[in-house]
Amino acid sequence: MKRSVLSAALGLVLAAGLATLPATAVAAPSAPSAPAAPAAVQGYTPAAYAGSTAEAADNQAFFQAVVASVKAKRAANPWLQTVTVTYDTANAPSFTSQIAGAAQIWNSSVRNVQLQESGGNGDFSYYEGNDSRGSYASTDGHGHGYVFLDYQQNQQYDSQRVTAHETGHVLGLPDNYSGPCSELMSGGGPGPSCTNPYPDANERGQVDYLWANGLAAAN
């Protein structure tokens, strides 16, 4: 499935997909309120798709926008400490174990931000259902937005990797279509046989940099 690039207020909206679980599929949810920072819809790309030059540039632009916003907020709030970002799973009951696994993976991989399930509304939410774009994250890269987990795609590809990958977008990481299986944000590029759900050293370092001093989207 190829990526399409959409326009949105306050920044680039990058659309992409991977691919379908239970027969009791629900309709894709309407998007929550738009984040204050540039929003991006980034998905789990299919195998053998390297992405166009324009899409690669858009991915770089997404990351640079996150970095610029981080620097501005860090300058305004230099006293911030390690931050906890909360999430809710009420709308993704079929994926609670994968979501918990993704949180554990990221919490053990980085030190400047930690993920914690909330009892109600969290900073970001997970949804499940069927969507022609596959799984994707609509996020500002600062812990806000939502993750959509597509049933079919989570059967075709390793579900834990898909969930950890989309969560990586919420933490500020863009896609890297041509990366190896050892790189979490390469998504479906390495093919369905890739089951690695862990970020590599570079990805861990990027997230810790983006959340240094406990940086949060302090809106």
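**Notes on a predicted model**

1. Let's start at one spot in the core: T139 is buried, with a relative accessible area of 0%. Keep in mind as you look around that this is a predicted model. T139 sits in strand 7, which covers residues 136-139. Its side chain has two backbone partners worth finding on screen. One is the backbone nitrogen of G141, reached at 2.9 Å. Another is the backbone oxygen of H144, which the T139 side chain reaches at 2.8 Å.

2. Now zoom out. The protein has five helices and eight strands. If you walk along the sequence, they come in the pattern β-β-β-α-β-α-β-β-β-β-α-α-α. So that you can place yourself, strand 7, where T139 lies, spans residues 136-139.

3. How much of the protein is buried? Of the 219 residues, buried ones make up 55%. As for the surface, the protein exposes about 8900 Å², and 53% of that comes from carbon and sulfur atoms.

4. Helix 2 is a good element to look at next. It runs over residues 96-109, 14 residues in total. From first C-alpha to last it reaches 20 Å, close to the 20 Å expected at 1.5 Å a residue. Which of its residues are buried? They are Q98, I99, G101, A102, A103, I105, W106 and S109. As a reminder about helices in general, an α-helix has 3.6 residues a turn, so residues three or four places apart point the same way.

5. What do those buried residues of helix 2 pack against? On the strand side, the partners are strand 4 (83-91), strand 5 (113-117), strand 6 (124-129) and strand 8 (145-150). On the helix side, they are helix 4 (159-170) and helix 5 (201-210). Try showing helix 2 together with these partners.

6. There is one disulfide to check. It joins C181 to C194, with the sulfurs 2.1 Å apart. Both cysteines are in the loop between helix 4 and helix 5, 13 residues apart, and the pair links distant parts of the chain. The link of C181 and C194 is right-handed, with 90° about the S-S bond. In general terms, a disulfide is a covalent bond between the sulfur atoms of two cysteines.

7. Is each end of that disulfide buried or partly exposed? C181 counts as partly exposed because its relative accessibility is 28%. C194, on the other hand, is buried, with a relative accessible area of 4%.

8. A search of the whole structure turns up two salt bridges. One of them brings together the side chains of R111 and D208, at 3.3 Å from N to O. R111 lies in the loop between helix 2 and strand 5 while D208 is in helix 5, so this pair ties together parts that are 97 residues apart in sequence. The two partners sit in contrasting surroundings: R111 is exposed, with a relative accessible area of 61%, whereas D208 is buried at 9%.

9. The other salt bridge is formed by D131 with R133, and their closest N and O atoms are 3.1 Å apart. Here D131 is buried, with a relative accessible area of 14%. R133 is partly exposed, at 31%.

Key: Residues are numbered from 1 along each chain as its sequence is written. This is a predicted model: local features need pLDDT of at least 70, side-chain atom pairs count only at pLDDT 80 or more; totals for chains, interfaces and linings use all residues. Side-chain values use heavy atoms; hydrogens and water are left out. Helices (H or I, at least four residues) and strands (E, at least two) are DSSP runs, numbered from the N terminus. The expected span of a helix is 1.5 Å times one less than its number of residues. Buried means under 20% relative accessible area, exposed over 50%, partly exposed in between (1.4 Å probe, protein chains only). Contact means heavy atoms within 4.5 Å. Accessible areas come from the Shrake-Rupley method with a 1.4 Å probe; for residues, only the protein chains shown count as cover. A disulfide is a pair of cysteine sulfur atoms within 2.5 Å. A polar contact is a pair of N or O atoms within 3.5 Å; within protein, one must be able to donate a hydrogen and the other to accept it, and residues adjacent in sequence count only if both atoms are side-chain atoms. A salt bridge is a side-chain nitrogen of Lys or Arg within 4 Å of a carboxyl oxygen of Asp or Glu.
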